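Here's a quick walk through one protein model for anyone meeting it for the first time. Have a look at the sequence and the fold, then read on.

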Amino acid sequence: MTALDILNQALAELVQPEVTTFDPEGNDPNLRPETDSGMALARIYERVVSKVQRSFPWQELTTSLKFANPVTQTQDGWYRFQLGSLGILRPLECYSAFGSAEDHPNTMEVVAGEDGSITLEPVRKVKPTTLTKLILPAQDEPMEYRIEQNTLLAPTEQVLMRAIVQDNNPDNWSSELADCVICKLAADGALAAVRDAQLAQMLASKYSTEVFPQAKRLQSRYKQGVKYMPWGGKHPLRGRVRG
């Protein structure tokens with residue numbers, strides 16, 4: 001599945017003709033959708049994808065990231081870690097890094113290159129520390145880590161973060177996530193694409209009461225532990241956050 005497929009399925013929800021070209025990044029003017037309704041959805045495509053991916057800890061987007069070798073240390077003893085262009089949409093929880101990689105399957109280490117680039121590499125060993133788990137803070141609790149200006153601040157030199165990481169390639173999405181993006185794109189773009197407020201309201205209701213709840217139920221039915229998922233990947237589900 002491609003971004004063009006997603007766009008055309010959203011157009012079908014609006015009973016609009018398919019388009020043959022679409023560049024989701026908008027870099028190539030020759031790949032703009034050739035219809036007004038297609039252009040209307042193309043303008044909000046990136047925003048809708050980000051909104052839907054952030055709204056739930058999708059199995060295929062939730063991963064663990066190990067941060068080590070902080071950039072600097074603040075005066076109060078906290079450490080700054082560069083997030084770079086990792087595409088973190090929403091942190092779910094932070095831990096001190098401890099135990100082995102087997103305790104935290106599919107953990108990726110954030111590695112900074114000499115040229116300033118940031119890459120992810122598989123972790124084989126998570127070095128032990130004596131620090132306790134850092135929980136995502138509630139509004140009425142003191143903050144135990146925070147994110148400021150694309151940097152992570154935490155009171156430890158090594159951090160393991162579970163987070164929703166953005167993936168703009170629909171070929172990597174589960175069918176549940178794809179269905180949600182299609183319906184949400186049609187709902188949010190209906191007014192601009194076809195100037196039909198009633199249809200926009202109907203699709204918005206369909207998304208909030210049918211499509212999104214059904215997607216969460218399907219994702220939550222996967223068994224605990226490590227399991228090969230429908231899209232072919234192998235993901236840890238132990239301790240996942242449920243919607």
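## A small tour of the model

Four strands make up an open sheet, lined up in the order β2-β3-β8-β7 and paired in antiparallel fashion. At the edges sit β2 (72–73) and β7 (146–148), each of which has a pairing partner on one side only. Keep in mind that this is a predicted model.

Let's zoom in on one edge. β7 is held to β8 (residues 151–154) by three bridges, and the two strands run antiparallel. Which residue of β8 is the bridge partner of R146? That's L153.

Now for the aromatic rings. There are six aromatic pairs in the structure. Two of them share F56, and here is how they compare on paper:

| Ring pair | Distance between centres | Angle between planes | Type |
|---|---|---|---|
| F56 and W58 | 5.1 Å | 75° | edge-to-face |
| F56 and F212 | 6.4 Å | 90° | edge-to-face |

Why edge-to-face for F56 and W58? Their planes stand at 75°, and an angle over 60 degrees earns that label. The planes of F56 and F212 are at 90°, so this pair is edge-to-face as well.

The F56 and F212 pair also spans a good stretch of sequence. F56 belongs to the loop between α2 (36–54) and β1 (62–67), while F212 is part of helix α4 (residues 197–220), so the pair ties together parts 156 residues apart in sequence.

Are these rings buried or exposed? F56 has a relative accessibility of 1% and counts as buried. W58 is buried too, at 0% relative accessible area. For F212 the relative accessible area is 14%, and that residue is buried as well, because the cut-off for buried is under 20%. Zooming out a little, ring pairs link F56, W58, Y207 and F212 into a cluster.

Last stop: a pair of helices. Helix α1 (residues 3–13) packs with α2 at an angle of about 125°, and their axes are 10 Å apart. That makes α1 and α2 oblique to each other, because 125° falls outside the ranges for roughly parallel, roughly antiparallel and roughly perpendicular. The crossing of α1 past α2 is right-handed.

Which residues of α1 meet α2? On the α1 side they are A3, I6, L7, A10 and L11. Facing them from α2 are S37, G38, L41, A42 and Y45.

Terms used: Residues numbered from 1 in each chain as written. Predicted model: local features only at pLDDT ≥ 70, side-chain atom pairs only at ≥ 80, totals over all residues. Heavy atoms only, no water. Pairing = 2+ DSSP bridges. Phe/Tyr/Trp six-rings, centres within 6.5 Å; stacked < 30°, edge-to-face > 60°. Buried < 20%, exposed > 50% of the residue type's maximum accessible area, 1.4 Å probe, protein only. Axes fitted to C-alpha atoms, helices over the stretch in contact; angles between N-to-C directions. Parallel < 35°, antiparallel > 145°, perpendicular 65-115°, else oblique. Left-handed = near helix turned anticlockwise from the far one by under 90°. Contact = heavy atoms within 4.5 Å.
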